[in-house]
Amino acid sequence: MNSMQAVQISTNQNRVEIPWRAYVALAIGIVCIALSAIWVKWAAVPGPVSAFYRMLIPAAILLPWWFAKRPKQLPKQATRLSLLGGVFFAFDLALWNSAILLTSAANSTLFANNAPLWVGLGAWLIFRERLPQRFWWGMAIALIGVVVIMGENLQQLTISQGDLLAISAGGFYAAYLLTTQRARAELDTLTFMTLGIVVSVVILGLMCLIGGYSIVGFSAKTWWSLLGLGLVSHLGGWLAINYALGHIKAATASVSLLGQPVLTAIISIPLLNEPLQIFQIIGGSLVIGGIWLVNTQKE
């Protein structure tokens, strides 16, 4: 395939060319982030520790790069929002990585990806944005899916600690998205990623210190897993996705990203020996369907 070949989309007689590389980058990014739960399971260290290295490893690469290309002046409001977003993202990762060790990779990834629902509710409650009817339908379908997934536990009036942590992580991820959505319009991708990652490293480092978690003395398997988490899933995955977002509509990309929990669930079967139960398949389909409905609003 020629490197200049593009996928052409015609709209109202205006021809917009989307490079095929953007679609390839999006697909690669989804595969990379879908592996996150696998690396965390294989690392088998406390959630804040694996989250710390997920941020520290990319920071070691991004910081020198950013210092070489940093803009002369940073917009104050956008910078503050980006830094605050780094705090929220740190809590999101700490909770989610902890959840992965307490529940299945499929459940933890699925529940943590409920963020679009929380973002919509946050926009409605905080910014007084009007939400279309399809948002409420999508949220209702997704919540029914959550009930189906947790059906056995709900019958006993209990909720898995891991599932609860994953749902909480989704709330913090939503706070991250709400906080940084305006910052991204004023900051370039490299600056946006670097600022948030550095703050996350500091917060997660403090979590490890306060929690008394060791960050050294691991086995070779753990170190390789942490490297995969930082380099492949975070740095590689999000650089690829951010590149794709520069060419593909956000609505199209966000729906495509729903493939992450599906792919995680599939690869967990051979890699983690976590076969899916029928209630996970049905409930997960409902959750993804509801989130898809929320994400397919007209831009």
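Student: How large is the accessible surface of the protein, and how much of it belongs to carbon and sulfur atoms?
Tutor: The accessible surface comes to about 15,200 Å². Carbon and sulfur atoms hold 65% of it. Such areas come from the Shrake-Rupley method with a 1.4 Å probe, and for residues only the protein chains shown count as cover. This is a predicted model, where local features need pLDDT of at least 70, side-chain atom pairs count only at pLDDT 80 or more, and totals for chains, interfaces and linings use all residues. Residues are numbered from 1 along each chain as its sequence is written, and side-chain values use heavy atoms, with hydrogens and water left out.

Student: What makes W224 exposed, buried or partly exposed?
Tutor: Buried means under 20% relative accessible area, exposed over 50%, partly exposed in between (1.4 Å probe, protein chains only). W224 has a relative accessible area of 62%, so W224 is exposed.

Student: Where does W224 lie, and which nonpolar surface patch does it help to make?
Tutor: W224 lies in helix α12. With I61, L227, L231 and V232, W224 makes a nonpolar surface patch of about 450 Å². Patch residues have over 30% relative accessible area and no salt bridge; like charges are joined within 9 Å, nonpolar side chains (Val, Leu, Ile, Met, Phe, Trp, Tyr) within 5 Å. A salt bridge is a side-chain nitrogen of Lys or Arg within 4 Å of a carboxyl oxygen of Asp or Glu. Helix α12 (residues 220-245) gives the most to the patch, with 4 residues.

Student: What is W118 called by its relative accessible area, and why?
Tutor: W118 has a relative accessible area of 34%, between the two cut-offs, so W118 is partly exposed. Its place is in helix α6 (residues 115-126).

Student: Which residues does W118 touch?
Tutor: Leaving out residues up to four places away in sequence, W118 touches I167, G170, G171 and A174. Contact means heavy atoms within 4.5 Å. W118 and L178 are 60 residues apart in sequence, with C-alpha atoms 9.4 Å apart.

Student: How do you know that the span of helix α9 agrees with its number of residues?
Tutor: Helices (H or I, at least four residues) and strands (E, at least two) are DSSP runs, numbered from the N terminus. The expected span is 1.5 Å times one less than the number of residues. Helix α9 (residues 161-180) has 20 residues, so it should span 28 Å. Its end C-alpha atoms are 29 Å apart, which agrees. Among its buried residues are G170, A174 and L178.

Student: How many helices and strands does the protein have?
Tutor: The protein has 15 helices and 2 strands. Buried residues make up 48% of its 299 residues.
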